[in-house]
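Thank you for making room for me this morning. I would like to walk you slowly through one protein model, so please have the sequence and the picture open in front of you.

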Amino acid sequence: MTSAASGSEPVPGTYPSGRVSSTDYGQTSTVALTTSAFAGVMLIMVSVFQILQGIAATAAGTVYVTGAEYVFQLDVSTWGWIHIVVGAVALATGIGVLAGQTWAYVAGIVLAALSALANFAFIPYYPVWSLVIIAFDVFVIWALSTLVARGD
């Protein structure tokens with residue numbers, strides 16, 4: 001017959017004082033995992049949109065019509081190459097975010113901010129699309145900032 005626990009024995013996985021053992025620290029919460037997945041997928045989506053936007057601008061200059069005079073006047077193909085480069089780097093960073101790489105969180109915030117700035121300057125050529133990409137960039141920045149602030 002086994003004896004009943006008297007309450008003085010330590011619980012498995014804890015120290016005698018009742019503290020949780022060090023092996024229980026470092027578990028990633030479900031919220032952090034879903035936020036990381038959201039940020040990674042959104043960053044990859046934005047990067048694919050950036051690349052497609054850049055290809056459309058470089059392939060045929062007639063896809064985008066130049067509107068009113070604007071401070072940031074570059075050739076449409078120049079904007080296309082800017083979008084392709086930012087999109088390619090953001091794609092690699094989005095894969096890094098999905099892989100849980102810490103460097104990718106900060107790089108993703110910087111790239112989403114650069115993407116938002118590039119699309120802000122691209123508004124005269126394709127306003128609705130640029131505003132949609134800026135909104136996606138804001139979601140990416142929010143999600144990655146949440147992860148960086150939590151330390152996940």
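Let me begin with a pair of helices, α3 and α4, which are roughly antiparallel to each other, a label that is given because the angle is over 145 degrees, whereas under 35 would count as roughly parallel, 65 to 115 as roughly perpendicular and the rest as oblique. Their packing angle is about 160°, and their axes lie 9 Å apart; here the axes are lines fitted to C-alpha atoms, for helices over the stretch in contact, and angles run from 0 to 180 degrees between N-to-C directions. The crossing of α3 and α4 is left-handed, meaning that the near helix is turned anticlockwise from the far one by less than a right angle, while clockwise would make it right-handed.

Before going further, I should say that this is a predicted model, in which local features need pLDDT of at least 70 and side-chain atom pairs count only at pLDDT 80 or more, while totals for chains, interfaces and linings use all residues. Residues are numbered from 1 along each chain as its sequence is written, and side-chain values use heavy atoms, with hydrogens and water left out.

Now, which elements does the protein have, and in what order do they run? The secondary structure comes to four helices and zero strands, and from the N terminus on the elements run α-α-α-α. Helices (H or I, at least four residues) and strands (E, at least two) are DSSP runs, numbered from the N terminus.

The helix before α3 in this numbering is α2, residues 76-98, and α2 packs against α3 at an angle of about 155°, with the axes 9 Å apart. That makes α2 roughly antiparallel to α3, and the crossing of α2 and α3 is again left-handed.

How much of the protein is buried? Of its 152 residues, 31% count as buried, where buried means under 20% relative accessible area, exposed means over 50%, and partly exposed lies in between (1.4 Å probe, protein chains only). A121, in helix α3, is buried because its relative accessible area is 6%, and its C-alpha is 9.1 Å from that of W79, although A121 and W79 are 42 residues apart in sequence.

Helix α3 also shows a side to the outside, since L114, which is found in this helix, counts as partly exposed at 42% relative accessibility. L114 joins V106, V110, L117 and V148 in a nonpolar surface patch of about 430 Å², and the largest share of that patch, four residues, comes from α3, residues 102-121. A patch is made of residues with over 30% relative accessible area and no salt bridge, with like charges joined within 9 Å and nonpolar side chains (Val, Leu, Ile, Met, Phe, Trp, Tyr) within 5 Å. A salt bridge, in turn, is a side-chain nitrogen of Lys or Arg within 4 Å of a carboxyl oxygen of Asp or Glu, and accessible areas come from the Shrake-Rupley method with a 1.4 Å probe, where for residues only the protein chains shown count as cover.

Finally, consider L33 in helix α1, which is exposed, with a relative accessible area of 52%. L33 and L147 are 114 residues apart along the chain, yet their C-alpha atoms are separated by 9.3 Å. G151, in the segment after α4, is also exposed, at 62% relative accessibility, and its C-alpha is 9.2 Å from that of T102.
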